[in-house]
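Below are some notes on the model you sent, set out point by point for checking against the coordinates.

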Amino acid sequence: MTEVAETRRDGMLRLSHWESLDPNLVCGITTAVRGDLAVAEASPERVASIYSDLARELGFRHVSVPTQVHGTDLREIRAEPGPAAESCTVHRAGRVDGQLADGPGWLLAATAADCVPVYLWSRELAHTGLIHAGWRGAAAGILRRAISRLARSLDRRPSGAVGDLRVHLGPAICGDCYEVGTPVLSAFGLGGTRARIDLREILAHQATAAGVEPAALTTSRFCTACGPGDLHSHRASGGTAGRMAAFLGLRG
């Protein structure tokens with residue numbers, strides 16, 4: 001697994017390494033500079049307006065926004081190719097923590113403020129996926145489930161690798177900052193009453209066990225709790241932080 005630092009641009013952290021491979025790919029996460037992108041207190045109309053503006057700015061006509069419940073359910077979305085338009089439709093994905101798109105035209109969104117945004121992309125098939133993985137989702141196997149769904153379309157190579165699938169683990173709380181108790185440790189089959197765990201490291205092991213090539217697996221260098229300072233952290237703020245919006249999509 002390779003550490004990378006996303007590039008700051010327009011109040012976002014962009015995964016330039018992926019974006020350089022395909023001019024139609026957009027991948028990243030908003031920072032606190034843009035405020036609270038979850039806006040839990042806002043009206044549905046206000047939420048739709050925020051995501052519509054973000055999608056239009058990034059060149060999309062469709063954006064899919066889930067209601068995250070720390071589960072393992074996934075939504076699969078059919079491609080919606082077409083040129084960028086001035087108007088944008090916001091689709092509510094329902095109570096899911098992961099979305100998979102089988103082609104271009106959709107901007108997938110997820111909110112985070114310590115949990116891991118997990119990005120999946122097959123360049124060969126133009127498939128994308130965006131997963132919200134907190135400790136519950138990681139322990140229950142949401143990433144393994146997403147990779148398994150994508151593997152139905154990807155060739156299994158002799159090495160056992162899942163085609164050309166790339167996985168990136170975005171900005172999240174790091175292992176030094178994430179101390180947990182017995183319920184979380186037990187969920188991962190670990191003993192003890194208090195310990196620090198690294199969700200991104202756990203997810204990385206799950207990804208490689210599911211067939212992702214180590215060279216195709218990257219992780220952000222940034223921790224939401226201890227730096228660089230413009231990221232929302234639920235834990236570091238004592239529960240008062242807003243949420244960032246992770247996003248991934250292929251323009252049609």
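1. Asp10 is exposed, because its relative accessible area of 55% is over the 50% cut-off. The residue belongs to the loop that runs between strand 2 (7–9) and strand 3 (12–14). Its phi is near 55°, a positive value in a residue other than glycine. The model is predicted, and the backbone angles here should be read with that in mind.

2. Asp114 also has a positive phi without being glycine, in this case near 155°. It sits in the loop between strand 9 and strand 10. Is Asp114 buried or exposed? Its relative accessibility is 10%, so it counts as buried. For context, most residues other than glycine have a negative phi, and most peptide bonds are trans.

3. The second half of that remark bears on Gly227 and Pro228, which are joined by a cis peptide bond with omega of about 20°. Pro228 is located in the loop between strand 15 and strand 16 (244–250).

4. Glu19 is part of helix 1 and, with a relative accessibility of 12%, counts as buried. What does its side chain bind to by polar contact? One such contact, of 2.8 Å, is to the side chain of Arg14. Another, of 3.2 Å, is to the side chain of Arg9. When residues up to four places away in sequence are not counted, Glu19 touches Arg9, Arg14, Leu25, Val26 and Cys27.

5. The count of aromatic pairs comes to 1. The pair consists of Trp18 and Trp121, with 5.6 Å from centre to centre and 50° between the planes, and is tilted. It links distant parts of the chain: Trp18 is in helix 1 (residues 16–19) and Trp121 in strand 10 (residues 116–122), 103 residues apart. Both partners are on the buried side of the cut-off: Trp18 counts as buried at 1% relative accessibility, and Trp121 counts as buried at 0%.

6. Two arginines are placed over aromatic rings. Arg8 lies over the face of Phe222, 5.3 Å from the ring centre. Arg75 has its charged end over the ring of Trp106, at 5.9 Å from the centre.

7. Thr30 is in strand 4 (residues 25–30). Its relative accessible area is 0%, so Thr30 is buried. The Thr30 side chain reaches the backbone nitrogen of Ala245 at 2.8 Å. Ala245 is also among the contacts of Thr30 once neighbours within four places in sequence are set aside; the others are Gly11, Met12, Leu37, Leu54, Met244 and Phe247.

8. Helix 6 (residues 199–209) has Leu199, Arg200, Ile202, Leu203, Ala204, Gln206 and Ala207 as its buried residues. What do these residues pack against? The partners are strand 10, strand 11, helix 3 (135–140), helix 4 (142–151), strand 12 (166–169) and strand 15 (217–220). At the N-terminal end, Asp198 caps helix 6, with a side-chain oxygen 3.0 Å from the backbone nitrogen of Arg200. Just after helix 6, Gly211 has a positive phi of about 115°.

9. There is 1 cavity of 30 Å³ or more, and the largest cavity holds about 30 Å³ of space. Its lining is made up of Pro66, Gln68, Val96, Asp97, Gly98, Gln99, Ala109, Ala110, Leu130, Ile131 and His132. Strand 8 (98–101), strand 9 (106–112) and strand 11 (127–133) are the elements that give two or more residues to this lining. The largest share, 3 residues, is from strand 11.

10. Gly71 is in the loop between strand 5 (62–65) and strand 6 (74–77). Leaving out neighbours within four places in sequence, Gly71 is in contact with Asp97, Gly137 and Ile142. Asp97 is also one of the residues lining the largest cavity. The C-alpha atoms of Gly71 and Arg34 are separated by 27 Å, and the two residues are 37 residues apart along the chain.

Definitions and conventions: Residues numbered from 1 in each chain as written. Predicted model: local features only at pLDDT ≥ 70, side-chain atom pairs only at ≥ 80, totals over all residues. Heavy atoms only, no water. Phe/Tyr/Trp six-rings, centres within 6.5 Å; stacked < 30°, edge-to-face > 60°. Helix = DSSP H or I, 4+ residues; strand = E, 2+ residues; numbered from the N terminus. Buried < 20%, exposed > 50% of the residue type's maximum accessible area, 1.4 Å probe, protein only. Lys NZ or Arg CZ within 6 Å of the ring centre and 35° of its normal. Polar contact = N/O pair within 3.5 Å; in protein donor to acceptor, adjacent residues only side chain to side chain. Contact = heavy atoms within 4.5 Å. 1 Å grid on protein atoms, 1.4 Å probe; cavity = no way out; pocket = protein on both sides within 12 Å on 5 of 7 lines; lining within 4 Å. Points joined across faces, edges and corners; volume = space filled by probe spheres on them.
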